[in-house]
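Trainee: Before we begin, could you set the sequence and the coordinates in front of us, so that I can put my questions to them?

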Amino acid sequence: MKATGIVRRIDELGRVVIPKEIRRTLHFREGDPLEIFTDKDGGVVLKKYSLMGDIEEHAREFAESMHRTLGHTTIITDKDSVVAASGQGKKEFIGKNISKEMQKRIDLRRGVLTDKQGKESPIPITEYDSNQYASQCILPILGGGDVLGAVVVASNEQSLSEIAYKNAETAAYFLGSQLE
């Protein structure tokens, strides 16, 4: 573990404030669920909890199946990072934090088709996305009324078909239903 030099006291209700600098660094936002672990030395570890992590294998299989079927890069995210990817650039996506633009897009709770000629331009998928795709379809994964992540199909072709959109929509519904 890495020492921060920050000390906090437990209040009378058992709460501890996580300093703003640490929340910003770890991308912890108000309302985020945190999983609590203890180690053998008496330490406590807080880790951002992701329901998507519970179905990571399903997500990986879905991404691979969609890539094989559509021939386009397929990415599945939770609200913070890429959980699964298949296709071009797969290795540069997995485990990376999604971009602020992607977070905002999926928080809108609506699917979208983007392309360079359309009214919505493609957005960076991860914070340091070096792939600028010509078109994308982005479908939020909803479960229990909450946004849990997104299914993204990205292509270097000028525009994606309605079939790609419907496949991503099906994957988003399926993954969302697995988490309810």
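The exchange below moves from the whole chain to its strands, its cores and a few single residues.

Trainee: In what order do the elements of the protein chain run from the N terminus on, and how many helices and strands does the protein chain have?

Mentor: Bear in mind throughout that this is a predicted model. From the N terminus on, the order is α-β-β-α-α-β-β-α-α-β-β-β-α. Counting through the protein chain gives 6 helices and 7 strands.

Trainee: What box do the C-alpha atoms of the protein chain fill, and what percentage of its residues count as buried?

Mentor: Taken along the principal axes, the C-alpha atoms fill a box of roughly 55 × 30 × 30 Å. The accessible surface of the protein chain comes to about 11,100 Å², and carbon and sulfur atoms account for 51% of that surface. Residues are called buried when their relative accessible area is under 20%, and of the 180 residues of the protein chain the buried part is 38%.

Trainee: How far apart do the centres of the positive and the negative side chains lie?

Mentor: The two sets consist of 25 positive and 27 negative side chains in the protein chain. Once each set is reduced to its centre, the separation between the two centres is 5 Å.

Trainee: Which residue of β2 stands opposite Thr38?

Mentor: Strand β1, residues 34-38, and strand β2, residues 44-48, pair in the antiparallel sense over 5 bridges. The hairpin they form has 5 residues between the strands, and Gly42 takes a positive phi near 90 degrees there. Across the pairing, the residue of β2 that stands opposite Thr38 is Val44.

Trainee: Why is β3 described as largely enclosed by the rest of the structure, and how many of its residues are buried?

Mentor: One face of β3 carries Thr73, Ile75 and Thr77 and the other carries Thr74, Ile76 and Asp78, and the residues on both sides are all buried. Strand β3 is therefore largely enclosed by the rest of the structure, the number of its buried residues being 6 of the 6.

Trainee: Which strand is joined to β3 by 6 bridges?

Mentor: Strand β3, residues 73-78, pairs with β4 in the antiparallel sense over 4 bridges, and a hairpin of 3 residues joins the two. In that pairing Thr77 stands opposite Val82, while Thr74 stands opposite Ser86. On the other pairing, Ile75 stands opposite Val152, and the strand that runs antiparallel to β3 with 6 bridges is β7.

Trainee: Which element supplies the largest share of the largest nonpolar core?

Mentor: The largest nonpolar core has 21 residues, and those with the most contacts inside it include Met66, Ile76, Cys137 and Ala168. At least two residues of this core come from each of α3, β4, β6, β7 and α6. The largest share amounts to 6 residues, and the element that supplies it is α6.

Trainee: With which residues is Cys137 in contact, leaving aside its neighbours within four places in sequence, and how many residues are in the second, separate core?

Mentor: Beyond those neighbours, Cys137 is in contact with Val112, Leu113, Val151, Val152, Val153, Leu160, Ala164, Tyr165 and Ala168. Val112 and Val152 are included in the second core, together with Tyr133 and Val147 among others, and the size of that separate core is 16 residues.

Trainee: Is His67 buried or exposed, and what is its relative accessible area?

Mentor: His67 has its place in helix α3, and, leaving aside its neighbours within four places in sequence, is in contact with His72, Thr73, Thr74, Ser86 and Gly87. Its C-alpha atom is separated by 10.0 Å from that of Ala154, a residue 87 places away along the chain. Neither word fits, because His67 is partly exposed, with a relative accessible area of 23%.

Trainee: How far is the C-alpha atom of Gly144 from that of Glu180?

Mentor: Gly144 lies in the loop between β6 and β7, and at 60% relative accessibility Gly144 counts as exposed. Although Gly144 and Glu180 are 36 residues apart along the chain, the separation of their C-alpha atoms is 5.4 Å.

Trainee: What is the phi of Arg109?

Mentor: Arg109 is found in the loop between α5 and β5, where Arg109 is partly exposed with a relative accessible area of 41%. Most residues other than glycine have a negative phi. Arg109, a residue other than glycine, has a positive phi, near 65 degrees.

Key:
Residues numbered from 1 in each chain as written. Predicted model: local features only at pLDDT ≥ 70, side-chain atom pairs only at ≥ 80, totals over all residues. Heavy atoms only, no water. Buried < 20%, exposed > 50% of the residue type's maximum accessible area, 1.4 Å probe, protein only. Areas by Shrake-Rupley, 256 points an atom, 1.4 Å probe, with all protein chains shown as cover. Lys, Arg positive; Asp, Glu negative; His and termini not counted. Charge placed at Lys NZ, Arg CZ, Asp CG, Glu CD. Core = buried A, V, L, I, M, F, W, Y, C linked by side-chain atoms within 4.5 Å. Contact = heavy atoms within 4.5 Å. Pairing = 2+ DSSP bridges.
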